[in-house]
There are 2 protein chains.
Amino acid sequence: MAGVNHRYILRAHGDEGITAELFALEEAPVPEPGPGQCLIKVLWLSVDPAMRGWISTWPNYRDPVALGSVMVGFTVGQVLASRHPDYPVGCFVLGRQGWQEWALSDGSDIDRRLDPDQAPLTAHLHVLGHTGLTAYLGLMRVGQPMPGETVVVSTAAGAVGSTVGQIAKLKGCRTVGITGAPDKIASCLKDFGYDAALDYKAEPDLPAALGRACPAGIDVYFDNVGGEISDAVMQHLNVGARVVICGTLGILDGETALGPRVNRQLLVKRARMEGFLILDHLDHAEAARAELAQWYQAGKLRAREEVVDGLAQAPEALMRLLRGDNRGKMLVRVGAPAD
Amino acid sequence: MAGVNHRYILRAHGDEGITAELFALEEAPVPEPGPGQCLIKVLWLSVDPAMRGWISTWPNYRDPVALGSVMVGFTVGQVLASRHPDYPVGCFVLGRQGWQEWALSDGSDIDRRLDPDQAPLTAHLHVLGHTGLTAYLGLMRVGQPMPGETVVVSTAAGAVGSTVGQIAKLKGCRTVGITGAPDKIASCLKDFGYDAALDYKAEPDLPAALGRACPAGIDVYFDNVGGEISDAVMQHLNVGARVVICGTLGILDGETALGPRVNRQLLVKRARMEGFLILDHLDHAEAARAELAQWYQAGKLRAREEVVDGLAQAPEALMRLLRGDNRGKMLVRVGAPAD
């Protein structure tokens with residue numbers, strides 16, 4: 001398996017903003033597996049909004065990626081050499097092999113083997129993977145929607161958001177999406193079945209527009225952004241509403257951003273805001289994945305993908321995602337499977 | 001029962017600030033009970049921080065007190081004339097007779113009869129009444145403290161706060177109080193058993209002082225204020241922390257006050273902020289009151305009272321409370337019981 005392994009190294013943290021220049025492409029030899037190791041050829045790389053936090057030194061739920069090390073990321077790969085009993089040559093794996101074409105693994109950064117006949121491999125990076133689980137478990141375990149309730153989703157056309165909207169609809173809720181482009185609005189309504197969708201960039205008065213879109217108020221808000229979009233939502237919370245804090249893409253400067261205090265709204269509505277991190281809920285992942293797979297195979301759960309080709313494109317793919325320019329789950333096709 | 005009934009009428013809402021001039025003292029004849037009514041002589045009036053919200057038109061969990069009507073308040077009274085089968089002459093009642101010396105009741109604004117031998121009558125306006133229940137149910141049902149956890153309380157020497165601190169201590173927690181005067185600090189430590197107490201007006205760096213007082217971080221924050229005190233607490237939340245929003249005395253201008261956005265902290269710590277209103281939890285009041293009474297009768301739960309004499313003092317008592325000048329539960333002694 002001699003050859004060149006291209007990989008992206010993090011060379012600076014992005015506290016002052018994320019740019020493609022934070023990453024350096026370097027070459028290394030493709031490594032040979034030692035005892036208990038396997039060699040994984042990376043096929044697909046998932047590009048996620050959470051990466052913004054992983055590469056800054058703002059307080060976060062994990063330590064920042066160390067400077068000089070390979071950038072972290074969820075991947076689908078194929079084992080092409082193996083001295084590991086659980087991962088024979090040819091098998092497909094979901095793991096955290098990061099931004100590189102080849103990776104050695106002792107299994108600790110492999111999440112599970114994949115059956116390529118069950119679903120397209122990339123589905124394990126969105127609806128059947130951490131994206132789908134984040135949507136499902138965040139909505140169901142923290143948001144706790146009841147049939148007939150109104151669920152509002154920010155980044156409604158994004159990978160997590162679009163899945164939340166569809167799950168809420170499958171669970172009998174009225175769904176309202178907030179997104180930021182006319183074609184994303186169309187996708188929300190046509191592809192993801194939202195009952196209503198709002199373009200926060202085009203609405204002259206977002207709070208008023210939300211009020212019209214949610215005549216019975218808002219019971220669950222699945223929040224991927226924070227900031228002014230969320231300020232608008234908070235004005236329409238019902239008594240007992242639940243706000244799932246899943247992401248903070250709309251808050252650009254960490255802990256110092258100012259906004260309206262939420263205390264009065266939470267008190268008056270006896271509402272709840274709660275941070276959600278998938279890692280705390282993995283006990284429930286298997287049951288969640290089973291229901292997601294059932295919906296997906298029945299054609300009830302749709303996922304859009306935006307694919308860029310080649311590891312070299314990974315930094316620009318991340319930039320596209322963070323600008324909101326992507327359409328669907330952002331994926332990098334790193335390599336092709338063996339015949 | 002002929003005579004004069006003094007009563008305070010609300011003559012303006014306090015959206016621009018609460019002043020004693022919002023209330024007008026007027027005289028009316030003492031009424032006669034009709035069929036199914038009783039006549040209550042008000043003995044004690046409870047003065048509560050929530051009154052600020054009741055007399056403003058900011059969004060709230062209840063409609064504002066109507067202009068021209070008797071000011072609302074929790075009271076202990078004695079029935080001195082009766083045509084109501086449940087409330088015979090001489091009995092003591094806890095109710096919502098408001099800021100007046102005499103009140104007719106059909107029973108709908110009476111909460112329960114009181115046994116004057118079980119506890120001092122005034123205890124039913126604090127540790128055994130809505131104050132104690134707010135502390136108990138807010139802490140236990142929303143804060144959900146576990147033994148060994150650190151519980152921080154704002155307005156720690158106040159009626160609700162001091163009860164929260166004592167309950168948390170009885171439940172095996174480390175308790176840290178935040179208050180605003182040296183003698184209140186002493187009272188927190190001596191009367192209410194806090195493990196540490198901080199004077200937010202005297203600390204040059206409240207976040208740092210909190211860090212020192214809470215070396216294991218903060219698991220539960222029982223918040224009666226909001227504002228900068230809470231901003232300091234939020235910096236020390238542990239993973240899975242619970243913030244009980246019980247009051248917002250530190251937020252002066254309703255919905256427009258700006259402060260640091262809490263989204264990042266809630267997400268990174270997977271913490272929860274939740275508004276609490278006693279009215280949502282009355283199903284659990286009886287069990288809570290039983291435990292509070294047991295502690296109180298065993299001398300394990302202390303309550304300070306600050307008493308002013310005469311209904312005429314009620315507006316000034318409210319002003320004292322809102323300024324934080326009171327020491328203990330603020331009560332107005334409106335009348336004396338019959339011999």
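Me: A salt bridge is a side-chain nitrogen of Lys or Arg within 4 Å of a carboxyl oxygen of Asp or Glu. Which residue does A:Arg261 meet in such a bridge?

Reply: In this predicted model, the side chain of A:Arg261 meets that of B:Asp231, with N to O at 2.8 Å. The pair crosses between chains: A:Arg261 sits in the loop between E13 and H7 of chain A, and B:Asp231 in helix H6 (residues 228-234) of chain B. Helices (H or I, at least four residues) and strands (E, at least two) are DSSP runs, numbered from the N terminus.

Me: How many salt bridges are there across the interface, and how many over all chains?

Reply: Six cross between chain A and chain B, and a search of the whole structure gives 32 over all chains. Another pair is B:Arg270 with A:Asp280, at 2.7 Å from N to O. On the side of chain A that touches chain B, the elements giving two or more residues are helix H6 (228-234), strand E13 (258-260), helix H7 (263-268) and strand E14 (272-275). H7(A) provides the largest share, six residues.

Me: How many residues are in contact, and what area is buried?

Reply: With contact taken as heavy atoms within 4.5 Å, 36 residues of chain A touch 36 of chain B. Buried area is the accessible area (1.4 Å probe) that two parts lose on being put together, summed over both. Between chain A and chain B this comes to about 3400 Å², with carbon and sulfur atoms giving 56%. A:Arg261, A:Arg264 and A:Arg270 supply 24% of what chain A buries against chain B, more than any other three residues.

Me: Which strand of chain B is joined to E14(A)?

Reply: Strands pair if DSSP finds at least two bridges between them. Here E14(A) is joined by three bridges to strand E14 of chain B (residues 272-275), and the two run antiparallel. Within E14(B), B:Arg272 is the bridge partner of A:Glu274.

Me: What turn lays chain A on chain B?

Reply: A turn of 180° with a shift of 0.0 Å along the axis does so, at an RMSD of 0.0 Å, by least squares on C-alpha atoms of residues with pLDDT of at least 70 in both copies. The two copies are therefore related as by a two-fold rotation axis. The same surface serves both, as 100% of the contact residues of chain A recur in chain B.

Me: How should labels and values be read?

Reply: Residues are numbered from 1 along each chain as its sequence is written, with chains lettered from A and ligands numbered from 1 in written order. Local features need pLDDT of at least 70 and side-chain atom pairs 80 or more, while totals for chains, interfaces and linings use all residues; side-chain values use heavy atoms, without hydrogens and water.
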